[in-house]
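The following exercises introduce a protein structure step by step. Each task is followed by a worked solution.

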Amino acid sequence: MVTDLDVLNVQFALPEQLRFAAGLGDLPTVQVTNDHATATIVLQGGHVLAFQPRDTDPVLFVSQESHYTPGKSIRGGIPICWPWFGPHPTDSTQPQHGFVRVAPWSVRGTSATADGATQLRLGLTDSEATLAHWPHPFDLELEITVGHTLTVELIARNTGSETFTCTGALHSYFNVGDVTAIAVEGLDGLAYIDKLDQGQRHVQHGPVTISAETDRIYLDTPPRCTIIDPQLQRRIHLSSAGSRSTVVWNPWIEKAQSMADFADDEYPGMVCVETANAGDDVITVAPGGEHRLRVTIEVERDASA
Ligand code: TA6
């Protein structure tokens, strides 16, 4: 029997670099292996699940309790939040973080780059299902480049006749040695919305450290921040484009216990630092226009981290 995976492998597999296979929960998955790194991408949601450069620990966190079922978001990796971040601005019946992270994305192309990286392009366009959530025609393209660094770029095109506004995030979960020992540099002096303090605004003083549940939207953020992880002796550099917000989240103890797809003891080993446009940072796209949201993730080994 010819399966969709067989068809995908005939059309898009790259020998020794990229192949399609049934992943966890039998979800169609892309396995990437090259001289620089390995990566796993789940077609549902255009969801980067794993990224591991050859010389370091896994970079992304995925919960051991995550679901892998059609229509359910995966707890970890890099969920794509679009066309809204967080709760829907006006309709509480809509799913949190938009609908594209559980939608069936299609494969648009694969290629090997000159520097030995591997590129995967996925796409999602509007349909009856999406229009029921959000009344705008669109075309989304996700370009994932796996090499010594990981680059994820979300290109949102307005294919309709009316301007639309959106928010969103590349909601990256990072694997860390001990969340109480890390620091996030690059957000010093910036205003942030504290979602745990009735959305009150505060100003960040110094690096961001985590010693309790943390859920903050930093506003008007620069295109670079760094997670310093002394336990794993590394720095994870995030370079972004098209992003005006950075979200920092750790569920800590009680929130972790309340999430069915997250083990109670996993919160010390992860932090979300999300490349976003959220809160005040709303994006407007005119008919025929596009917006690009990109993050490049680079790991630097650093014994003195
Ligand atoms: O990005 C932080 C956040 O908005 C938190 O408030 C928390 O809800 C997290 O996203 C995870 O959201 P999810 O819908 O994936 O459970």
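**Exercise 1. Salt bridges**

Task: State how many salt bridges a search of the whole structure finds, and describe the one between Asp139 and Arg157.

Solution. The search of the whole structure yields 13 salt bridges, a salt bridge being a side-chain nitrogen of Lys or Arg within 4 Å of a carboxyl oxygen of Asp or Glu. This is a predicted model, in which local features need pLDDT of at least 70 and side-chain atom pairs count only at pLDDT 80 or more, while totals for chains, interfaces and linings use all residues. Residues are numbered from 1 along each chain as its sequence is written, and side-chain values use heavy atoms, with hydrogens and water left out.

Step 1. Asp139 and Arg157 meet through their side chains in a salt bridge of 3.4 Å, N to O. Asp139 belongs to strand 8 (residues 138–146) and Arg157 to strand 9 (residues 150–158), so this pair ties together parts 18 residues apart in sequence. Strands (E, at least two residues) and helices (H or I, at least four) are DSSP runs, numbered from the N terminus.

Step 2. Asp139 counts as buried, at 11% relative accessibility, whereas Arg157 is partly exposed at 26%. Here buried means under 20% relative accessible area, exposed over 50%, and partly exposed in between (1.4 Å probe, protein chains only).

**Exercise 2. Two further pairs and a network**

Task: Determine which parts of the chain are linked by the pair Arg292 and Glu153, and which by Arg235 and Asp302.

Solution. Step 1. In the salt bridge of Arg292 with Glu153, the closest N and O atoms are 3.5 Å apart. The pair links distant parts of the chain, with Arg292 in strand 22 (residues 290–301) and Glu153 in strand 9, 139 residues apart. Glu153 is buried at 8% relative accessibility; Arg292 is partly exposed at 36%.

Step 2. The side chains of Arg235 and Asp302 form a salt bridge of 2.5 Å, N to O. Arg235 lies in strand 18 (residues 234–241) and Asp302 in the segment after strand 22, so parts 67 residues apart in sequence are tied together. Arg235 is partly exposed, at 22%, and Asp302 is buried, at 12%.

Step 3. Salt bridges that share partners also join residues into one network, including Asp139, Glu153, Arg157 and Arg292.

**Exercise 3. Helix 1 and the sheet**

Task: Describe the sheet of 4 strands and identify the buried residues of helix 1.

Solution. Step 1. The open sheet has 4 strands in the order 1-2-3-4, with antiparallel pairing. Strand 1 (18–22) and strand 4 are its edge strands, each pairing on one side only. Two strands pair if DSSP finds at least two bridges between them. Strand 2 (residues 28–33) and strand 3 (residues 37–42) are joined by 5 bridges.

Step 2. Helix 1 (residues 4–12) lies across strand 1 and strand 2. Its residues Leu5, Leu8 and Phe12 are buried. Viewed down the helix axis, the buried residues of helix 1 fall within an arc of 60 degrees, so they line one face of the helix; the arc is that of the directions from the helix axis to the C-beta atoms.

**Exercise 4. The setting of Thr56**

Task: Is Thr56 buried or exposed, and where is its place?

Solution. Step 1. Thr56 is located in the loop between strand 4 (47–53) and strand 5 (80–81). Thr56 is buried, with a relative accessible area of 9%.

Step 2. Not counting residues up to four places away in sequence, Thr56 touches Arg234, Val299 and Arg301, where contact means heavy atoms within 4.5 Å.

Definitions and conventions
Axes are lines fitted to C-alpha atoms, for helices over the stretch in contact, and angles run from 0 to 180 degrees between N-to-C directions.
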